[in-house]
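Here are two exercises on one structure. Look at the sequence and the model, then follow each solution step by step.

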Protein chains: 4
Amino acid sequence: MNKRKPKYNQIIEAAVEVIAENGYHASQVSKIAKKAGVADGTIYLYFKNKEDILVSVFEEKMGQFIEKTEMTIEQKENANEKLLALIEMHFQQLASNPLLAVVTQLELRQSNPALRIKINQVLKPYLIVIDGIIKEGMQDGTFRKDLNLRLVRQMIFGTLDETVTNWVMKDRKYNLMEQASDVHQLLTNGLKVSK
Amino acid sequence: MNKRKPKYNQIIEAAVEVIAENGYHASQVSKIAKKAGVADGTIYLYFKNKEDILVSVFEEKMGQFIEKTEMTIEQKENANEKLLALIEMHFQQLASNPLLAVVTQLELRQSNPALRIKINQVLKPYLIVIDGIIKEGMQDGTFRKDLNLRLVRQMIFGTLDETVTNWVMKDRKYNLMEQASDVHQLLTNGLKVSK
Amino acid sequence: MNKRKPKYNQIIEAAVEVIAENGYHASQVSKIAKKAGVADGTIYLYFKNKEDILVSVFEEKMGQFIEKTEMTIEQKENANEKLLALIEMHFQQLASNPLLAVVTQLELRQSNPALRIKINQVLKPYLIVIDGIIKEGMQDGTFRKDLNLRLVRQMIFGTLDETVTNWVMKDRKYNLMEQASDVHQLLTNGLKVSK
Amino acid sequence: MNKRKPKYNQIIEAAVEVIAENGYHASQVSKIAKKAGVADGTIYLYFKNKEDILVSVFEEKMGQFIEKTEMTIEQKENANEKLLALIEMHFQQLASNPLLAVVTQLELRQSNPALRIKINQVLKPYLIVIDGIIKEGMQDGTFRKDLNLRLVRQMIFGTLDETVTNWVMKDRKYNLMEQASDVHQLLTNGLKVSK
DNA sequence: CATGAATGAGGCTTCATTCAT
DNA sequence: CATGAATGAAGCCTCATTCAT
């Protein structure tokens, strides 16, 4: 599948818009085709089936998402700053693309387990980025050495994800970016009064 | 609707099993009726429609879930112990009811926005329980006084939810209960080395 | 079937009201039972099935309708006056019972062919009354002797029926009774200028 | 909706046959599709829903019915001959298309009020044709000048309709066409002996 | 006689996918 | 490559009727 063909991208962009506007279940292939300006059948020249469109949407968008995050993090000097940068990038990229936020936080979660598994595979590189920060922090003495990698990763991702989902469900009425530093604080210092 | 009617509970229990076994979208009303040992039409004497079954499943199960959590927490003396108890109860209740865990963590998330909103309303009391612990901790000096209530709630719930979902998706291959104390540690002390 | 039992009549009257209010297809047996103040099952002690209720409604009401018409006509001296009386009675009885008019002119016509045949059997005595008037008129020289009995009966009944149906469909906005004399005129003198 | 598409007409013709054969309520969309030789879903490319098929059947058939009637009437020189032509056309068209007669006289009357209203709108042009004849007859002195237009229209239509319905219900055992001249006689001269 | 909880058959419609052009 | 007309499988819900009490 030649992903450089313009129609491929037209369809991807149309899919994001259609899903964000109409919701997952009301996003018929014919609607995506119409918005993309192609015939229904043309979709099947570029995608195996409807699920493939959705996975591809997530792949394309998350690919850029992760890439940008990695580039930004590379420039930071220590794990703590990298973690803050990750949080900021996470919030900033979804805040600046509300349609995509709706799709990733709400609509794509309505998919069936088979699709969910594929989506998780796409997410894996992102989790590896998180893991890298944690490991680096444990090595350079920023974070505690006895951290359970999986649990920390789940705490970080779970917190970011829940925060963004809440923001989307509250119709994005408040500024997500402003939460970044507080979330970073919480994750690094925890709830307790420091002694 | 008299919820003490045996058929009502038969249908609720059957629904949990059918959804866990077949997945949300393959859970036809007729399948639930068959498993419950009643006629299809009988379902509609106790539930308004299919969605009402699903909401009721969540209401019944989460109602018990929250009630047990509240009862356990009451007996604890301070916010820190209450938080640990909440985490333990959260993990324990889902670990001891794998079918329900599949339903709440995976299947019910595939539902449409209307159902999602109702599910969120059912969850609200649980979030209030979490809020209560945080507030108590801030008052009695266990937790920092400058915590952002919403963010902390999102961190706690997001972490627990993500942890359970991962456990379910990994086919429950490891012991969820054993994670409770580490998760509590992480949430209260954060990632950083304490000084 | 003891038709003197009060419940029998309660159900008949309830059926007329329910059909007139809700229409034929929305007239569930349970609705009729509720309005009659009896249990659903009780209906089946007095009627064989739902169709039997409807036929009985028509039988009871048309029985009275025809009886009153016959009594009034008997007192008239010639065929012409009898025809006028028939028209007046037809219009008057339906005009004074709007619920019944809705049921007979609109709702009962939605029934299936089997029921339609039974309804036609109930109507037969009325057609015989009409036939009697025509025959009498032909014998006593009021009406032409070469009239085709069936056609005349169809003209008379068709005209009355269509007139009442139009009146019901126009929401009974005009006075039906006032039309009686004109209709009688039309039927007896026809359209042409008399020579 | 391009009504010249062959499938559109296939479906219309199939619907007439299926309704006439099976009756209104037993006329499932799938039966019509099968008889038309198309897939169930194809129906919905040409019709909005099942009701739309029925309305369209009536529109198409009554459209032709009225058109032919108008064309025949135009060639007649006076109101009296036009009325006779109308009656003949009414009988002839239904007599030559027994399936359609069953559909229009019996089956379509079982429809719900919403559909009945649409059917009445389709009939309106026919009533206007009748009105035209009456008005012309009153102007040219063929008919009495004091006729009540609505009542006359109801007498004519009611008589024709009742006559055809009776003929259909009697299983078309006699010749409908032969009645035309007698019906015309009746309508124009009435019942009374002319003086 | 009376109840009313339980039954279960039956159909319209949507929409992902195909394939002849 | 591109089209878009055609396909056909699949499920929620209603409501007349029964029968154990």
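A salt bridge is a side-chain nitrogen of Lys or Arg within 4 Å of a carboxyl oxygen of Asp or Glu. The model is predicted: local features need pLDDT of at least 70, side-chain atom pairs count only at pLDDT 80 or more, and totals for chains, interfaces and linings use all residues. Residues are numbered from 1 along each chain as its sequence is written, chains are lettered from A and ligands numbered from 1 in the order in which they are written, and side-chain values use heavy atoms, with hydrogens and water left out.

**Exercise 1.** Describe the interface between chain B and chain A.

Step 1. Count contacts (heavy atoms within 4.5 Å). Here 46 residues of chain B meet 45 of chain A.

Step 2. Take the buried area (accessible area, 1.4 Å probe, that two parts lose on being put together, summed over both). It is about 4200 Å², with 56% from carbon and sulfur atoms. Arg144(B), Leu191(B) and Lys192(B) supply 19% of the area that chain B buries against chain A, more than any other three residues.

Step 3. Look for salt bridges. Between chain B and chain A there are 0.

**Exercise 2.** Which residues are closest to DNA strand E?

Step 1. Collect the residues near the strand (a heavy atom within 4 Å of it). There are 28, and the closest are Thr42(B), Tyr46(B), Lys5(C), Thr42(C) and Gln28(D).

Step 2. Turn to the DNA side. Sugar and phosphate make up 73% of the strand E atoms that come within 4 Å of the protein.

Step 3. Check single distances. A polar side-chain atom of Tyr46(C) lies 2.6 Å from a phosphate oxygen of strand E. A polar backbone atom of Gly41(C) is 3.1 Å from a base nitrogen of strand E.

Key
A polar contact is a pair of N or O atoms within 3.5 Å; within protein, one must be able to donate a hydrogen and the other to accept it, and residues adjacent in sequence count only if both atoms are side-chain atoms.
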